[in-house]
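Good morning, and thank you for coming. Please look at the sequence and the structure for a moment before I begin.

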Amino acid sequence: MPDRWSFKSTVWPDWCPGCGNYGILTALIRSLEELGVDPSKTVVVSGIGCSGKTPHFVNVNGVHTLHGRAIPFAMGIKLARPELTVVVHGGDGDLLGIGAGHFVALGRRNLDIVVILHNNGVYGLTKGQASPTLPLGSKTKGIPRPNLQAAVNPLMLALAAGYTFVARGYAFEGEHLKTLIKKAVEHKGSAIIDVLQPCVTFNDILTPEYYKARIYKLESDPGWDPVVRTPEEREAKLLRAVQKALEPWDKIPIGVLYADETQSTMEERLSERLKIYPALNPSNSPISGADGGPVISVDDFAKAFSDYIVEVKKTQGRFNLKG
Ligand SMILES: Cc1ncc(C[n+]2csc(CCOP(=O)(O)OP(=O)(O)O)c2C)c(N)n1
Ligand code: SF4
């Protein structure tokens with residue numbers, strides 16, 4: 001069983017001293033260790049930004065993609081290899097600015113992917129511009145005048161988009177965040193953890209002191225139960241999650257807001273419609289022969305392709321869809 005140190009890569013994290021990203025990285029590594037995941041079957045995917053460096057520091061498969069495009073990369077990986085554990089890391093600029101459309105699409109599809117949002121209220125890597133989560137009227141030291149745009153609430157957006165696991169964590173509540181990541185990985189479906197992550201260099205409003213004075217854990221209420229076990233209780237639990245997501249910021253709840261175990265995933269829906277989907281696994285197939293030439297002749301390809309089309313048509317017929 002790989003230990004914590006084997007999940008830590010040899011690349012030295014170059015985040016600013018005191019950055020909340022260190023807490024998130026530690027919680028991620030400890031959760032992977034405790035879950036006992038196989039590093040060769042785990043992928044960390046990121047966009048651009050300080051948060052985007054995360055895959056370099058974790059000793060699993062990693063992809064550092066384009067700004068805002070971590071989720072589509074992750075979706076492609078998961079669809080091609082459904083057996084992999086896929087975790088996305090992105091900043092609030094990355095996932096809720098340029099990548100907002102993809103963020104919504106993942107919720108609608110309910111692919112079995114975990115999204116960890118490094119929410120620091122600024123564009124850290126590009127020196128502190130206002131990001132989509134910076135509250136209206138905030139004047140951080142990185143911007144010359146108070147913010148003119150209203151903030152997106154990531155939890156509300158995730159609930160509206162259809163994510164079936166929605167949680168909020170805090171970068172410096174390491175044990176708590178580790179537990180949230182473990183639950184998100186174990187959840188079947190799209191999971192989002194909005195992690196409050198102080199950017200100590202550019203955001204002098206949302207500081208560790210600010211959060212320390214406001215944060216409380218949802219689990220401190222023994223009656224808090226966010227899990228939807230039957231479709232009948234979905235609406236009531238969703239409404240309670242919305243209430244928590246909208247709580248004014250003088251008290252900030254962290255913990256699991258919503259966990260719906262009753263929804264099918266995209267992988268299950270595809271397998272139902274196209275019976276051969278789980279066995280397709282194109283990424284497991286060789287892409288060239290031993291001599292470097294094509295693995296299949298044009299005639300064989302034409303036959304395989306026509307067999308595949310016939311399979312799709314048969315399946316469509318079973319569901320009475322127009323072919
Ligand atoms: C298409 C594109 N636009 C802009 C940039 C410049 N850029 C690099 S990082 C970044 C913002 C990062 O902010 P965020 O996603 O909040 O991550 P953080 O650095 O705060 O972790 C931007 C705009 C880019 N790399 N690509
Ligand atoms: S700029 Fe902010 S988010 Fe980026 S490493 Fe420094 S403290 Fe962290």
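Asn110 sits in the loop that links helix α5 to strand β4. The model is a predicted one, and in it the phi angle of Asn110 is near 50°, a positive value in a residue other than glycine. Is Asn110 buried or exposed? Its relative accessible area is 2%. Because the cut-off for a buried residue is under 20%, Asn110 counts as buried.

A second residue invites a comparison. Lys127 also has a positive phi without being a glycine, here near 80°. Lys127 lies in the loop between β5, residues 122-123, and β6, residues 129-130. With 57% relative accessibility, Lys127 is exposed, whereas Asn110 is buried.

Let me return to the helix before Asn110. Helix α5 covers residues 100-109, and its buried residues include Phe103 and Leu106 as well as Ala105 and Gly107. What covers these buried residues? The covering elements include α3, α4, α6 and the strands β4 and β8.

Two of the names just mentioned, Phe103 and Leu106, lead us to the interior. Among residues beyond four places in sequence, Ile71 is in contact with both of them, and also with Val88, Leu95, His102, Val115 and Tyr163. Ile71 belongs to the largest nonpolar core, which has 33 residues; together with Val88 and Tyr163, Ile71 has the most contacts inside that core. Which helix supplies the largest share of this core? Helix α3, residues 70-80, does, with 5 residues. Apart from this core there is another, of 31 residues, including Ile24, Ile181, Val227 and Ala259. As general background, nonpolar side chains in soluble globular proteins tend to be buried together.

Next, the strands. Strand β8 runs from residue 191 to residue 196, and 6 of its 6 residues are buried. In a regular strand, side chains alternate between the two faces of the sheet. In β8, Ala191, Ile193 and Val195 point one way, while Ile192, Asp194 and Leu196 point the other way.

Which strands pair with β8? Strand β4, residues 114-119, pairs with β8 in the parallel sense over 6 bridges, and Val115 has Ile192 as its bridge partner. Strand β7, residues 165-170, also runs parallel to β8 and is joined to it by 6 bridges; there, Gly169 stands opposite Val195. With helix α7, residues 174-186, the strands β7 and β8 form a right-handed β-α-β unit.

Strand β1, residues 42-46, has 5 of its 5 residues buried. Thr42, Val44 and Ser46 lie on one side, and Val43 and Val45 on the other. Strand β1 pairs in the parallel sense with β3, residues 85-91, over 5 bridges, and Val44 is matched there with Val87. Strand β1 also pairs in the parallel sense with β2, residues 61-64, over 4 bridges; in that pairing, the partner of Ser46 is His64.

My last topic is ligand 2. Which residues surround ligand 2? Among them are Trp15, the cysteines Cys16, Cys19, Cys50 and Cys199, and also Asn120, Gly124 and Gln197. Val200, Thr201 and Phe202 belong to this shell as well. By class, the shell holds 7 nonpolar and 4 polar residues, with no charged residues.

To close, I would ask you to find Asn110 in the structure again, in the loop between α5 and β4. Thank you for your attention.

Note on methods:
Residues numbered from 1 in each chain as written. Chains lettered and ligands numbered in written order. Predicted model: local features only at pLDDT ≥ 70, side-chain atom pairs only at ≥ 80, totals over all residues. Heavy atoms only, no water. Near = heavy atom within 4 Å. Nonpolar A, V, L, I, M, F, W, Y, C, P; charged D, E, K, R; others polar. Core = buried A, V, L, I, M, F, W, Y, C linked by side-chain atoms within 4.5 Å. Buried < 20%, exposed > 50% of the residue type's maximum accessible area, 1.4 Å probe, protein only. Helix = DSSP H or I, 4+ residues; strand = E, 2+ residues; numbered from the N terminus. Contact = heavy atoms within 4.5 Å. Pairing = 2+ DSSP bridges. Right-handed = clockwise from strand over helix to strand, strands pointing away.
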